[in-house]
Amino acid sequence: MNFPAAAVARRLPNLFDLVAGLCIFAALIALAGAARGALAPLGALDATPISLDPWALPGYAGRTTLRMFAALFCSLVFTFVVATWAAKSRHAGLVLLPVLDVLQAVPILGFLSFTVVFFTGLFPGQVLGAELAAIFAIFTSQAWNMTFSLHQSLTTVPADLAEAARSYRLTAWQRFWRLEVPFATPGLVWNMMMSMSGGWFFVVASEAVTVGSESWKLPGVGSYVATALEQRDIGAVLWAIGAMLAVIVAYDQLLFRPLVAWSAKFRFEQTAGDQPEDPWMLRLLRRTRLLRRGTDALGRGLGAVGRLRLAADRASASSGRPSRIRDALFGILLAIAIGAALWQVATFAAASLTLADIGEAMLLGCYTLARVVVLMALATLVWVPVGVWIGLRPRWARRFLPIAQFLAAFPANLFFPVFVVLIVRTGANPEIWLSPLMILGAQWYILFNVIVGASAFPGNLREAARSFRVGGWLWWRRIMLPGVFPYYVTGAIAAAGGAWNAAIVAEVAAWGDQRLVAHGLGAYIAVASEEGRTAHVLLGVAVMCAFVAVLNRLLWTPLQDYASRRLTLG
């Protein structure tokens with residue numbers, strides 16, 4: 001007689017539902033407050049200057065976090081559209097991948113120099129225009145490595161899994177959602193975490209912007225840091241570091257830990273006893289009743305969408321002529337668009353630039369290229385072995401996760417006081433000792449992707465190597481390095497682009513009235529942007545794009561082709 005009552009009780013909301021509902025309600029209130037602030041007049045930013053009072057930091061941290069998650073959502077949409085297009089169409093991939101590689105190296109100020117006018121023109125006199133410009137700037141520091149990660153996964157799906165999908169006659173839509181996206185999920189989740197950290201790395205440049213006559217400071221941690229550096233307030237800098245750490249730990253525990261645990265079930269293969277323990281947040285969510293029923297219903301709905309037969313399978317599809325025609329039209333239209341853009345840029349720049357300016361930019365590009373090459377080699381030697389060691393030990397990976405996120409999120413600007421003071425007092429050469437600032441944020445792309453590759457390495461191959469007593473350098477050369485190489489290439493491409501991007505904040509360091517400038521393309525763009533010389537900013541960005549495009553053609557494209565041809569499992 002008690003069974004119906006117990007069944008009814010199990011369907012009613014419990015205490016955990018109440019807590020979850022309160023958290024969701026608080027998040028909605030914060031979102032509404034941020035939206036109300038975005039609709040305020042632009043003059044309100046000048047009327048309420050950034051306060052260095054530590055009690056203002058929680059509100060600033062909330063605003064910054066909302067901008068970063070808005071940019072992360074846009075990055076995720078961009079990733080699924082562009083990465084899938086590049087992976088499914090060979091002709092599109094030949095164009096899109098080099099373009100993405102160039103775009104990820106364009107400094108944030110290179111984008112802001114032009115997007116500021118665009119977004120403020122869309123919403124004249126409103127804070128919303130400045131907010132959208134800041135979100136777009138953060139997007140440019142998040143989207144590229146996620147796109148490369150998904151593309152790498154889509155092009156390296158194990159052959160036996162692809163054959164099974166063909167045997168079950170899955171359509172292209174079903175194959176994408178039932179096979180390819182699950183296979184790509186672990187790497188994509190790790191790169192989402194890296195993207196959040198990348199957003200923190202450039203948060204100062206995105207929230208405190210000066211482009212010619214346009215200048216503003218949006219309420220946020222980045223503007224707080226910029227103000228503290230201007231006033232040489234080391235106490236405020238330390239408070240900002242504490243706020244960053246608190247926010248990173250919070251979203252790591254509330255969001256990314258559960259996502260990593262959930263994505264572990266999509267690993268290509270797992271050995272017995274290798275299942276990680278569920279994080280506390282995921283266990284609490286599973287103890288809710290109402291919220292769990294809602295998420296289960298959402299999951300069933302998304303699963304049903306993934307099972308729809310929206311397109312014919314490849315075996316019964318018509319000839320590839322329509323696809324080739326589409327690719328040809330795409331190439332023609334893209335060539336016309338690029339040609340028109342280059343003509344406009346050349347016409348604009350010709351009125352303000354000379355051959356001496358172009359030669360100076362090329363020479364400075366060589367300085368920055370040398371720094372990128374040396375720093376990438378050092379980062380590879382250090383972080384590939386560390387990433388393999390962590391990736392093969394899930395328990396250590398869970399412990400290291402929040403530490404890596406915090407270190408990757410640490411803006412280079414926060415190291416300015418240390419570097420400037422040490423260089424000035426010791427008489428060190430800024431051309432050399434400002435260089436490490438370039439790799440501070442970029443190196444973690446290598447580490448995160450190598451960790452993903454090592455954790456996804458099939459357990460049966462590891463067991464076979466152990467059985468045959470393969471060890472030492474032979475184990476690295478024949479087993480582990482080939483296994484993580486596709487993931488390393490993905491991380492190295494993002495790291496190289498991040499290093500070029502970081503040059504703009506690394507080659508010019510200031511602490512109060514002390515200012516150090518290293519010769520390089522990043523410093524060239526930063527100084528030109530501060531002085532409002534738009535043509536020189538454009539020249540610096542164009543030269544940087546040319547260097548990255550050549551490096552992509554000579555190095556990264558051959559390595560990607562080799563990884564997809566020779567080092568795909570299955």
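This passage describes the aromatic pairs and nonpolar cores of a predicted model. Local features require pLDDT of at least 70 and side-chain atom pairs count only at pLDDT 80 or more, while totals for chains, interfaces and linings use all residues. Residues are numbered from 1 along each chain as its sequence is written, and side-chain values use heavy atoms, with hydrogens and water left out.

The structure holds 19 aromatic pairs (rings of Phe, Tyr and Trp, the last by its six-membered ring, with centres within 6.5 Å; planes under 30 degrees apart are stacked, over 60 edge-to-face and the rest tilted). One of them joins Phe78 and Trp144 edge-to-face, at 5.7 Å centre to centre and 85° between the planes. This pair links distant parts of the chain, 66 residues apart: Phe78 lies in helix H4 (residues 57–88) and Trp144 in helix H8 (residues 143–154). Helices here are DSSP runs of H or I with at least four residues, numbered from the N terminus. Phe78 is partly exposed at 22% relative accessible area, whereas Trp144 is buried at 6% (buried means under 20%, exposed over 50%, partly exposed in between, with a 1.4 Å probe and protein chains only). Ring pairs also join Phe78 and Trp144 with Phe119, Phe136 and Phe139 in a cluster.

Turning to the cores, the largest nonpolar core (buried Ala, Val, Leu, Ile, Met, Phe, Trp, Tyr and Cys residues joined through side-chain atoms within 4.5 Å) has 137 residues. Helix H23 (residues 472–506) gives the most to this core, with 20 residues. Tyr488, among the residues with the most contacts inside the core, touches Thr380, Val384, Ile446 and Val450, leaving aside residues up to four places away in sequence (contact means heavy atoms within 4.5 Å).

Terms used
Helices (H or I, at least four residues) and strands (E, at least two) are DSSP runs, numbered from the N terminus.
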